[in-house]
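Student: Could you take me through one part of this model at close range? I would like to see how a single helix sits against its surroundings.

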Amino acid sequence: MNEFLVAALYMFTPLDDFEAMRSPLKAYCEERDVRGSLLLAGEGINGTICGPEAGVREVLAHLRSDPRLAGLNHKEAWTHRHVFKRMKVRLKQEIVRLAVDGIDPNEIVGEYVKPEDWNALISDPDVVVIDTRNDYEFAFGTFERALNPKTQSFREFPAWVDGEDELQKKPKVAMFCTGGIRCEKATAWMLKNGFEEVYHLEGGILNYLEKVPEADSLWKGECFVFDDRVSVDHQLQPRWGEWIPEEARHIINEDTDYEKSARAEADDEDVEQQIVRAVS
C-alpha cells in the first residue's frame, strides 16, 4: 500500500530572512515525521520531502502560509515507505547553483510550455531540444531528439552552450529538467546571452509524466530522482534501482547514498561524491 507522499517543490522568490527560517522549518517537518532535503537561499526554496500524507500536506500548507511562498507549486508521487533517512534544511547561496552573477528568473525567464503542448514543440524540426540535466540522469531516460550536454554539474551548462555548434546561430530552444528549476535558471541565462526564443517544460519531466498518457508520450526510459527510489517510471512508480544504465554505474551502485547526491547536485559540487542510497 502506497501510504507515503513524496513532494518535489521549488520557488524563486526573495527570502531575505532565509537563515532564520531554517531551524523552525526543520522542527516543523520532524514533528510530522516528514523527511527529505530542503534548500533555503535569498532567491527562494528548493527540495523534496516525504512522509505520511497528512504530515506532508501540513508542511506544504505551512510553507504557503508565508505570503512570499503562497504560489509554491509541487509535484506528487507515492511510495510504500520513506525515501529519505532524515530531514535536512540547508542554507545556500543559490537553490540551484549556476555560479553566474545576475541571473534571476524573477526578472527574466523563458516561455513556459504546458505538458500537453510539449510534444508539438519538440517535434518541430526548427526547435533544438536540450536536456539540462547531468549525463548520468540523461542515461536513465530522456525525450526524443534531446541533446545531451554531457555535464557532470549544472555549472558546466553555460560553457557547453558556448561551445555547441548547433546553438551558435541562436535557434529556437526547448529545454527540460526533472522538476523545472534548472530550466528556469538556464532560460534566464540564455535570454541574457542573445537567445530570443527560449522555451521550457513547465513543472519538468515529473509534471509531464503525470499529465501526458504513456500512449501519447515522447519520453523514453525512466526519470532519475535524488532519493532512495533511484528512478520512477511513466506512472511515477518507484523503481528502487532495479535497472541502472551502464553510463551511471560510475556513481550509482548498491552502496551509494542518494541523500548525499541530492546535496551534491543542489550545491553543484562534484557528483563524484557518490550518490546516496542505503538500501533497506
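Tutor: Happy to! Two strands are taken to pair if DSSP finds at least two bridges between them. Bear in mind that the model is predicted.

With that definition, we can start from an open sheet of 5 strands, paired in parallel in the order S6-S11-S10-S7-S9. Strand S6 (111-113) and strand S9 (146-147) stand at its edges with a single partner strand each, so one side of each has no neighbour in the sheet. Further in, strand S10 (residues 172-176) and strand S11 (residues 198-201) run parallel and are joined by 3 bridges. In this pair, Ala174 stands opposite Tyr199 of S11. Helix H6 (residues 181-191) lies across S6, S10 and S11, and runs at about 180 degrees to S11.

Now to the helix I would pick for you, H3 (residues 115-122). Its buried residues are Pro115, Trp118, Asn119, Leu121 and Ile122. They cover an arc of only 165 degrees around the axis, and therefore lie on the same side of H3. On the other side of H3, Glu116 and Ala120 are exposed. The cover over the buried residues of H3 includes S6, S7, strand S8 (141-143), S10, S11 and H7.

Let us follow two of those buried residues, beginning with Trp118. Setting aside neighbours within four places in sequence, Trp118 is in contact with Val113, Phe143, Ala174, Met175, Phe176, His200, Leu201 and Tyr208. Trp118 is also among the residues with the most contacts inside the largest nonpolar core, together with Phe143, Phe176, Tyr208 and Trp219; this core has 32 residues. Two or more residues each come from strand S1 (4-12), H3, strand S7 (127-131), S10, S11 and helix H7 (204-211). H7 gives the largest share, 4 residues. Another core, of 26 residues, lies apart from this one and includes Phe12, Ile95, Leu98 and Val198.

Asn119 is the other residue to look at. Why does Asn119 count as buried? Its relative accessibility is 18%, and buried means under 20%, so Asn119 falls within that class. A polar atom of the Asn119 side chain lies 2.8 Å from the backbone oxygen of Asp216. Beyond neighbours within four places in sequence, Asn119 is in contact with Tyr208, Asp216 and Leu218. Tyr208 thus links back to our other residue: Trp118 has Tyr208 among its contacts, and so does Asn119.

Conventions:
Residues are numbered from 1 along each chain as its sequence is written. This is a predicted model: local features need pLDDT of at least 70, side-chain atom pairs count only at pLDDT 80 or more; totals for chains, interfaces and linings use all residues. Side-chain values use heavy atoms; hydrogens and water are left out. Buried means under 20% relative accessible area, exposed over 50%, partly exposed in between (1.4 Å probe, protein chains only). A polar contact is a pair of N or O atoms within 3.5 Å; within protein, one must be able to donate a hydrogen and the other to accept it, and residues adjacent in sequence count only if both atoms are side-chain atoms. Contact means heavy atoms within 4.5 Å. Axes are lines fitted to C-alpha atoms, for helices over the stretch in contact, and angles run from 0 to 180 degrees between N-to-C directions. A nonpolar core is a set of buried Ala, Val, Leu, Ile, Met, Phe, Trp, Tyr and Cys residues joined through side-chain atoms within 4.5 Å. The arc is that of the directions from the helix axis to the C-beta atoms.
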